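Reader: Hi, I have a protein open and I'd like to talk it through. Can we start with the basics?

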Amino acid sequence: MGTTLQRVKVAKVSEMPKNIGKTIKIGVNEIALFHLESGEFRAIENRCPHKGGVLVEGIVSGDYVFCPMHDWKISVVDGLVQKPDNGCVKTFQVEVDHEDVYILLS
């Protein structure tokens, strides 16, 4: 049996400036949604695994966000922290349908 995904509309493309994060709360999940310079949307858990820094407030560069507390570099693609630091954050699947941005939750 496959897992059913919940598709939650969270934004409009036109409301999301590039390289600026937006905090999305869905149930117990606090998610950082990013509109990358490439035009892609990515969504990750909104807390750094190091000291809980709010990632939506971090600086976005390419496929990475830098934690505003201690500058940890975290991939918005796979959630992995760049070495020499260790850790990861949960990633969420994002779909864009015309002007609407959705996050998929299992």
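Author: Sure. One term first: two strands pair if DSSP finds at least two bridges between them. Keep in mind that this is a predicted model.

Reader: Okay. Which residue stands opposite Tyr64 in E6?

Author: Ser61 stands opposite Tyr64. The strands there are E5 and E6, with E6 covering residues 64-66.

Reader: How many bridges hold E5 and E6 together, and in which sense do they pair?

Author: Three bridges, in the antiparallel sense.

Reader: What sheet do they belong to?

Author: An open sheet of three strands, in the order E5-E6-E7, with antiparallel pairing. Strand E5 (59-61) and strand E7 (73-75) are the edges. Each has a single partner strand, so one side of each has no neighbour in the sheet.

Reader: And what is the twist?

Author: It averages 30° from one strand to the next.

Reader: Let's zoom out. How many helices and strands does the protein have?

Author: Zero helices and nine strands. Read from the N terminus, the elements go β-β-β-β-β-β-β-β-β.

Reader: Why call it as compact as a globular protein of that length?

Author: The radius of gyration is 13 Å, and the globule rule gives 13 Å for 106 residues. The two are close, so the protein is as compact as a globular protein of that length.

Reader: What box do the C-alpha atoms fill?

Author: Roughly 35 × 35 × 20 Å, along the principal axes.

Reader: What share of the residues is buried?

Author: Buried residues are 38% of the 106. As for surface, the protein exposes about 6,100 Å². Carbon and sulfur atoms supply 49% of that area.

Reader: What about contacts between residues far apart in sequence?

Author: Take the contacts with a separation of 6 or more. Residues 24 or more positions apart account for 40% of them.

Reader: Back to strands. What order do the six strands of the other sheet take?

Author: E1-E9-E8-E4-E3-E2. This sheet is open too, and its pairing is antiparallel.

Reader: Which strands stand at its edges?

Author: Strand E1 (6-12) and strand E2 (21-26). Each has a single partner strand, so one side of each is left without a neighbour in the sheet. Neighbouring strands here are turned by 30° against each other on average, with direction ignored.

Reader: Which strand does E1 pair with?

Author: Strand E9, residues 100-105. The pair is antiparallel, over six bridges. Within it, Lys9 stands opposite Tyr102.

Reader: And how do E3 and E4 pair? I mean, in which sense and over how many bridges?

Author: Antiparallel, over five bridges. E3 is residues 29-35 and E4 is residues 41-45. His35 in this pair stands opposite Phe41.

Reader: What lies between those two strands?

Author: Five residues, in a hairpin. Gly39 there takes a positive phi near 100°.

Reader: How many bridges join E4 to E8?

Author: Two, and the strands run antiparallel. E8 covers residues 91-97. One facing pair is Ile44 and Thr91.

Reader: Last topic. What does UniProt list for this protein?

Author: Its unreviewed entry carries the annotation "domain: Rieske" for residues 8-103.

Reader: How far apart are the end C-alpha atoms of that span?

Author: They lie 5 Å apart. The span is 0% helix and 45% strand.

Terms used: Residues are numbered from 1 along each chain as its sequence is written. This is a predicted model: local features need pLDDT of at least 70, side-chain atom pairs count only at pLDDT 80 or more; totals for chains, interfaces and linings use all residues. Side-chain values use heavy atoms; hydrogens and water are left out. Helices (H or I, at least four residues) and strands (E, at least two) are DSSP runs, numbered from the N terminus. Axes are lines fitted to C-alpha atoms, for helices over the stretch in contact, and angles run from 0 to 180 degrees between N-to-C directions. The radius of gyration is taken over C-alpha atoms; the globule rule is 2.2 Å times the number of residues to the power 0.38. Buried means under 20% relative accessible area, exposed over 50%, partly exposed in between (1.4 Å probe, protein chains only). Contact means heavy atoms within 4.5 Å. Accessible areas come from the Shrake-Rupley method with a 1.4 Å probe; for residues, only the protein chains shown count as cover. UniProt positions are given in the numbering used here, feature names are shortened, and annotations may be inferred rather than shown by experiment.
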